[in-house]
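Good morning, colleagues. Please bring the sequence and the structure up on the screen, and I shall take you through a few local features.

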Amino acid sequence: MPDPSTAPPQPVPLLRAASALWTQAKAVYLDGTFPAYGSMVWCSLPADSPQRLAAALDAAERWRHHVAEEQRLDALAEADPEAWFREVTADANDQARRTLRRLRLSSVPTADEMTTRRQPRPARPAAASPAWPPLAVPGRPGWWRHFLDGQQVDLPHREAPATEGAAA
């Protein structure tokens, strides 16, 4: 049983020491002059080192940010899965774009593009142009396509007929 005649120890020196440690740790934290939490250097620091406390505070703050980001992404995944997927794959997409640009792989056609290129295209109809000579009509030997009065006209000769405006 404690002796009632002696006063209990006062926590004032302990509070002052803790207050001084927190003040020093805050200065160290703001300067960024502390080792990484859990590293070999951190483990070798004494228990009352301000650098040790600053590293622990930094780790706690990083964990708080990590948990908040996880909660935000979980809520986004519930609300809008497509937006969540875009956000979580954005870094990978950026890296892929940089790699494609660096290796110039985007200029190499894909298998689908090559298949599309091998497909025959529909033939373009032969069309005569104004102020150009007539052209041979495909599939009709001896016939020529002329551009007369804004129309495509097939004639059995190459010479353009005289127009009324040219005769006058």
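Tyrosine 29 has a relative accessible area of 31% in this predicted model. That value lies between the 20% limit for buried and the 50% limit for exposed, so tyrosine 29 is classed as partly exposed.

The ring of tyrosine 29 also has a partner, phenylalanine 34. The two ring centres are 6.0 Å apart and the planes meet at 10°. Planes under 30 degrees apart count as stacked, and the pair is therefore a stacked one. In total, the structure holds 2 aromatic pairs.

Next, charges over rings. Arginine 52 lies over the face of tryptophan 42, at 4.0 Å from the ring centre. For arginine 140, the charged end sits over the ring of tryptophan 143, and the distance to that ring's centre is 4.0 Å.

I turn now to the sheet. It is open, with 3 strands in the order β1-β2-β3 and antiparallel pairing. Which strands form its edges? They are β1, residues 135-136, and β3, residues 151-155, each of which pairs on one side only. Strand β2, residues 144-148, is joined to β3 by 5 bridges in the antiparallel sense. Within this part of the sheet, tryptophan 144 stands opposite leucine 155 of β3.

Finally, helix α5, which covers residues 90-103. Its 14 residues, at 1.5 Å a residue, should span 20 Å, and the end C-alpha atoms are indeed 20 Å apart, so expectation and model agree. After α5 comes arginine 104, with a positive phi near 55°.

Note on methods:
Residues numbered from 1 in each chain as written. Predicted model: local features only at pLDDT ≥ 70, side-chain atom pairs only at ≥ 80, totals over all residues. Heavy atoms only, no water. Pairing = 2+ DSSP bridges. Helix = DSSP H or I, 4+ residues; strand = E, 2+ residues; numbered from the N terminus. Expected span 1.5 Å × (residues − 1). Phe/Tyr/Trp six-rings, centres within 6.5 Å; stacked < 30°, edge-to-face > 60°. Buried < 20%, exposed > 50% of the residue type's maximum accessible area, 1.4 Å probe, protein only. Lys NZ or Arg CZ within 6 Å of the ring centre and 35° of its normal.
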